[in-house]
Amino acid sequence: MVHYDFPPEFLWGAASSATQSEGTVAGDEKAENIWDYWFKTNPEKFYHGVGPSITSDFYQQFEEDIQRMKDINFNSFRTSISWSRLLPDGEHVNPEAVTFYNHVIDRLIDAKIKPIINLFHFDMPMHLQEKGGWENPDIIKAFSYYAEQAFKLFGDRVMMWTTFNEPIVPVEMGYLNTYHYPAVIDMKRAVVVAYHSMLSSAKAIETYRELKLDGEIGIILNLTPSYPKSESEADIKAAHLADLFYNRSFLDPSVLGEYPEELVQLIDEYALLPERIANDAELLASNTVDFLGVNYYQPRRVKAKETTDQLEHITPESFFDYYEDPNRRINPHRGWEIYEKGMYDIAMNIKQNYHNIPWYISENGMGVSGEERFINDDGMIEDDYRIEFYEEHLKWLHLAMQEGANCFGFHTWTFIDNWSWLNAYKNRYGFYRLNLEDQTRHMKKSGLWFKELVKRNGFDT
Ligand code: BG6
């Protein structure tokens, strides 16, 4: 038998987000965000036509849900604030939202569950999107104003903040692909969105530090280690470019305080550099993160480009191609590769190239469709596949930590099955099954497993 023990104080828990769990309530002041609008105008894009108003209703059920977290020994939980709920008009604070978030934070603390609060999880308020959203340089001020309100209201009790969850996703899904609103393919606009989001993060960090609160502030990035198809120079270069575009575009400025020179040159070469904001380099350099959250789901398998795209259609994929390794293991429901060692490789990269900054796994999880077929006679979903998925990842994380990785926690995605953007409820990720018909929650076997994992602060295989 092998023991995998984790350090004392290791953070165990799960992540969620406002739009994916809170729901809307009649009479509530929450303003429309891009998801409400996207669903209203394009419901056919959403799995089974289910939009963001159908959630696990955390807004009303948070007390019982926090008890459920406690029941499986969470010592930490991450969720986000809904910008359009806290500041419906972008200016005035919504008192109902303040009451709600205060209650959530206080109940978590009462339950000895450390709240980690994220400011932005894909949900741009619609009135700001109408003015260009992340494309408009005014967004930096608007975001820092929102951040300041949140810090002043909740920063006396929230000791861990993050500015963004996966800031590359709105860029990749909304400006390089047509999945998320505004659904355009335009590399020049994508670069502007990435640049303004990065500066917004740095400005919010500056604002946090000016308030001299006691906690720490970081950012959550989805890191996708890029592996070349072969050892050929061309394939290695392709993997390097994928890493530059999809990881280092946010990782370097967040942790090292500057963009990789090579990325800047490449973007400049194709006349894609955005209009510079005054003092941008100073803002980035002086506002690096205290810690990093890493969401890890899958790697990128990359090879050299076989064809040359037209310049006007340039995207990151103009510089490399993807390939399918015939030996790869795929989660057939989500279509994502399962490659546990990726977590170790990320850890080593942070250790070697990002001054071993403190970090934690802020998301890792397996979305599966039709889990009802695994319900046993006692009504429990026996999700052994999920337990195995987590254990195999944790083994690699454990090894990385033995080798000096500065990792302080592991959060799964997610706690209760939640609404997953375009996929709605197709794939379920939770420790608790959500029955949408009657809003009941039922612990899965993985919930029991997690309870034991935290109790022992590790596991045996
Ligand atoms: C992460 C996001 O990328 O992956 C979550 O932070 C998301 O919001 C999760 O739900 C799982 O992805 P999906 O698309 O299957 O919901």
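What follows is a short chat about a predicted model, covering its barrel, two of its helices and the surroundings of its ligand.

Q: Which strands close into the barrel, and is the pairing parallel or antiparallel?
A: Eight strands close into the barrel, in the order β2-β3-β4-β5-β6-β8-β13-β14, and the pairing is parallel. From one strand to the next, the twist averages 25°.

Q: How many bridges join β8 to β13?
A: Four bridges join strand β8, residues 291–295, to strand β13, residues 359–363, and within that pairing asparagine 295 has glutamate 363 as its bridge partner.

Q: OK, helices now: which strands does α9 lie across?
A: Helix α9 lies across β4 (114–120), β5 (160–165) and β6 (216–222), and runs at about 165° to β5.

Q: And is α9 mostly covered or uncovered?
A: It is mostly covered, with 19 of the 24 residues of α9 buried.

Q: How far apart are its end C-alpha atoms, for helix α9?
A: They are 35 Å apart, which agrees with the expected span, because at 1.5 Å a residue the 24 residues of α9 (residues 187–210) should span 34 Å. Just after α9, lysine 212 takes a positive phi of about 50°.

Q: What about α14, where does that helix lie?
A: Helix α14, residues 384–402, lies across β13 and β14 (407–412), and its direction is at about 170° to β14.

Q: Switching to the ligand, how many residues surround it?
A: The ligand is surrounded by 14 residues, of which the closest are Asn165, Glu166, Gly367, Ser420 and Asn427.

Q: How does that shell divide into nonpolar, polar and charged?
A: The shell around the ligand has two nonpolar, nine polar and three charged residues.

Technical notes:
Residues are numbered from 1 along each chain as its sequence is written. This is a predicted model: local features need pLDDT of at least 70, side-chain atom pairs count only at pLDDT 80 or more; totals for chains, interfaces and linings use all residues. Helices (H or I, at least four residues) and strands (E, at least two) are DSSP runs, numbered from the N terminus. The expected span of a helix is 1.5 Å times one less than its number of residues. A residue is buried if 20 or more other C-beta atoms lie within 10 Å of its own, exposed if 12 or fewer, and partly exposed in between; C-beta atoms are placed from the backbone. Two strands pair if DSSP finds at least two bridges between them. Axes are lines fitted to C-alpha atoms, for helices over the stretch in contact, and angles run from 0 to 180 degrees between N-to-C directions. Two residues are in contact if their C-beta atoms, placed from the backbone, lie within 7 Å. A residue is near a molecule or strand if its C-beta atom, placed from the backbone, lies within 6 Å of it. Ala, Val, Leu, Ile, Met, Phe, Trp, Tyr, Cys and Pro count as nonpolar, Asp, Glu, Lys and Arg as charged, and the others, Gly among them, as polar.
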